[in-house]
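Biologist: I would like to learn how to read a helix in a model. Can we work through a case together?

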Amino acid sequence: MHFEDRFSLVSLIKSFGKEKNICKVRGIGAKILEEDLITKDIHVATCLLNAYAKCGALIEAQEIFEQILAPDVVSWNALIAGYVQNGLANEALQCFKDMKDEGVSPNVVTYTCILKACGISRVLDVGADIDTIVREQGLLKKDLLLGSSLISMYANCGAMEKAREVFGELPVRDVVAWTALVDGYVQHQFFDEALNCFQEMKHEGILPNTVTYICILKACAALGSLHLGEEIDAKVRQKGLLNKGTVLGNALVNMYVKCGALEKANELFESLLVTDVVSWTSLIAGYVHHEMFEEAMTCFRQMQEKGVSPNLVTYICILKACGIGGYLELGKQIDTKVRKQGYILDKDSMLGNALIDMYMKCGALKTAQEVFEQLEVRDVVTWNTLMTGYVQFELGDEA
């Protein structure tokens, strides 16, 4: 098959990549290799590389890259962006180094991608070097996304003063820049600063986006700021954002739970068109925290009836409820289930601790000791959980 229309070919590759349809990408990739277009047309090759990367097929993306005779900055950027998009920050940083060693000059897109990689891997020195270059080239005042990427990098690396400094130097501060700063404060538990930043942002007439709301709801949850959380709930509903994905709805449920407004949390949960394991687990965790164990158990059963599989956090919450509520048989069933599902106790001390605590509180001391002995990783919490259980039953010698 010959590709005579280059524009149509590129459009087709891009559409397959956007769909993340690896089968179609591989199909068209095979035909492109047959025609030897990788070596003949760098634009087609780069589009194919990018499509593989979007599908998470990084090995194939790398193979395409290695067949390009003289990769330009766009080809390098496609590979670097692919690594970053798939969370392979160290590979992206190595690629950036190789690119410079090959004499290819980075551009704004390169810097934006690498700053994200620096943030993921907490590589502050490389990020700071890019900051210096960006300022020397006057790029900070020309590219809003680059400025926001610098703020995020510093925030992820824990350098909030530097993040604020960059923010203050931006000629124009859009919602992305504001949200990057708010997110940084929330990440490092500077919740009051996050709320102040949010108020400043609104005062300047910048409308929050979904990501901003999610960040601020986390701050509201941490500070117990129910009133502000309710205001955001009203805004979110007014804008019709609530059912565009699950993350915002989950953040609202979590906020109400953490603020102790269980009825509001349940009401909101019931109104969601789409719920996932995070939504259910947030509600269950709220019931457990407020010692409403029957409600937690009902929620757990309903979740499974709806075909939503519990995750590790769900199981830990329910085990806590089983322990305090004395639901030993259900606790045993969960023990069996988590092992069947491949949750390995010797790799996860949190699950092991939850099981030990449940068995101890239910009076099954022998079983608790057996779980303890199975754990390869025993932290201070593990030992304390076991000793507390023995003390509770006045078995001082065992403790």
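Modeller: What follows goes from the whole chain to one helix and one of its residues. This is a predicted model, where local features need pLDDT of at least 70, side-chain atom pairs count only at pLDDT 80 or more, and totals for chains, interfaces and linings use all residues. Residues are numbered from 1 along each chain as its sequence is written, and side-chain values use heavy atoms, with hydrogens and water left out.

Biologist: How many helices and strands are there in the chain?

Modeller: Helices (H or I, at least four residues) and strands (E, at least two) are DSSP runs, numbered from the N terminus. Here the chain has 24 helices and 0 strands.

Biologist: What span does helix H12 reach?

Modeller: The expected span is 1.5 Å times one less than the number of residues. H12 covers residues 175-187, 13 residues in total. From first C-alpha to last, H12 reaches 18 Å, close to the 18 Å expected.

Biologist: Which helices do the buried residues of H12 pack against?

Modeller: Buried means under 20% relative accessible area, exposed over 50%, partly exposed in between (1.4 Å probe, protein chains only). Contact means heavy atoms within 4.5 Å. The buried residues of H12 include Trp178, Leu181 and Tyr185. They pack against H10, H11, H13 and H14.

Biologist: Why does Thr179 count as buried?

Modeller: Thr179 counts as buried because its relative accessible area is 6%. Thr179 lies in H12. Not counting residues up to four places away in sequence, Thr179 touches Asn209, Val211 and Thr212.

Biologist: Which side chain makes a polar contact with the side chain of Thr179?

Modeller: A polar contact is a pair of N or O atoms within 3.5 Å; within protein, one must be able to donate a hydrogen and the other to accept it, and residues adjacent in sequence count only if both atoms are side-chain atoms. For Thr179, the partner is the side chain of Thr212, at 2.7 Å.
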